[in-house]
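Reader: Please walk me through this fold, one question at a time.

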Amino acid sequence: MPSPASKFTRSPESISDLEVLLDAETIARRVRELAAQISADYRGRPLRLVGILKGAWIFMADLIRHLEVEVTVDFLSFSSYGDGAQSSGIVKITKDLDQSIAGLDVLVVEDILDTGQTFEYLRGVLEAHKPRSLRVVTLLDKPSRRLRPVQADYVGFTIPDVFVVGYGLDYAQQYRNLPDVRILRFPR
Ligand code: PRP
């Protein structure tokens with residue numbers, strides 16, 4: 001049965017109508033800057049990246065290729081939004097870590113920090129594993145939507161309160177493959 005959200009999805013030919021917020025070149029430049037900053041901060045310290053699926057996977061893949069420190073990776077998957085545009089506030093683990101992070105410098109990789117509910121929850125989960133340090137890098141930050149007192153250590157772009165898709169971010173699981181970040185406006 002199609003989800004209620006599916007009536008808002010668009011045909012491939014209409015994707016070009018979606019306003020570009022961040023083009024691929026701008027994203028690539030900022031990702032290189034973030035990688036340089038992270039490499040400098042963690043110089044000489046092995047780093048465990050923990051990517052939050054699914055949205056962060058494209059950002060993480062690009063970021064990791066510019067890091068100049070010793071890096072290993074793991075992934076976590078949470079569910080919070082379902083197929084809609086509003087946070088349900090429900091966060092549960094759907095894929096746990098494969099390897100221990102005890103005693104490690106851990107950098108969580110997120111695509112977007114929105115209400116902060118997901119990161120507040122996962123920070124508690126990860127801190128329980130006793131990492132040596134725990135920081136978060138997010139490609140996008142939407143501070144105007146924050147419901148929880150959390151902030152990222154590294155932010156790619158601070159954006160206004162618009163619903164964005166592309167470069168890993170979805171709506172109803174679509175649009176993740178767009179090379180840029182675009183604004184999805186909903187019918188009123
Ligand atoms: C998105 C994003 C963050 C979370 C942020 O995940 O990847 O994990 O929402 O929202 P919050 O700050 O309001 O909690 P989503 O649940 O859309 O899953 P996805 O990454 O699989 O698309």
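What follows is a short exchange on a helix, the cores and the salt bridges.

Author: The model is predicted, with pLDDT of at least 70 needed for local features and 80 or more for side-chain atom pairs, while totals for chains, interfaces and linings use all residues. Residues are numbered from 1 along each chain as its sequence is written, and side-chain values use heavy atoms, leaving out hydrogens and water.

Reader: Which residue caps the N-terminal end of α1?

Author: Helix α1 covers residues 24–41; helices (H or I, at least four residues) and strands (E, at least two) are DSSP runs, numbered from the N terminus. At the N-terminal end, a side-chain oxygen lies 3.1 Å from the backbone nitrogen of E25. That oxygen belongs to D23.

Reader: How wide an arc do the buried residues of α1 cover around the axis?

Author: I27, V31, L34, A35, I38 and S39 are buried in α1 (buried is under 20% relative accessible area, exposed over 50%, partly exposed in between, with a 1.4 Å probe and protein chains only). They sit on the same side of α1, because their arc, taken from the directions from the helix axis to the C-beta atoms, is only 135°.

Reader: Which element gives the largest share of the largest nonpolar core?

Author: A nonpolar core is a set of buried Ala, Val, Leu, Ile, Met, Phe, Trp, Tyr and Cys residues joined through side-chain atoms within 4.5 Å. The largest has 30 residues, and I38, F59, V137, L140 and V164 touch the most other members. Several elements each supply at least two residues, among them β2 and β6. The largest share, 5 residues, comes from α1.

Reader: How far apart in sequence are the parts that E19 and R185 tie together?

Author: Their side chains meet in a salt bridge at 2.9 Å, N to O (a side-chain nitrogen of Lys or Arg within 4 Å of a carboxyl oxygen of Asp or Glu). E19 is partly exposed at 43%, and R185 is partly exposed at 49%. E19 lies before β1 and R185 after β9, so the separation is 166 residues.

Reader: Is D105 buried or exposed?

Author: D105 meets R132 in a salt bridge of 3.0 Å, N to O. D105 is in strand β5, and R132 is in the loop between α3 and β6. R132 is exposed, at 57% relative accessible area. D105 has 3%, so D105 is buried.

Reader: Which residue joins D105 and R132 in a network of salt bridges?

Author: A search of the whole structure finds 13 salt bridges. D105 and R132 belong to a network of them, linked with R45.

Methods:
Expected span 1.5 Å × (residues − 1). Polar contact = N/O pair within 3.5 Å; in protein donor to acceptor, adjacent residues only side chain to side chain.
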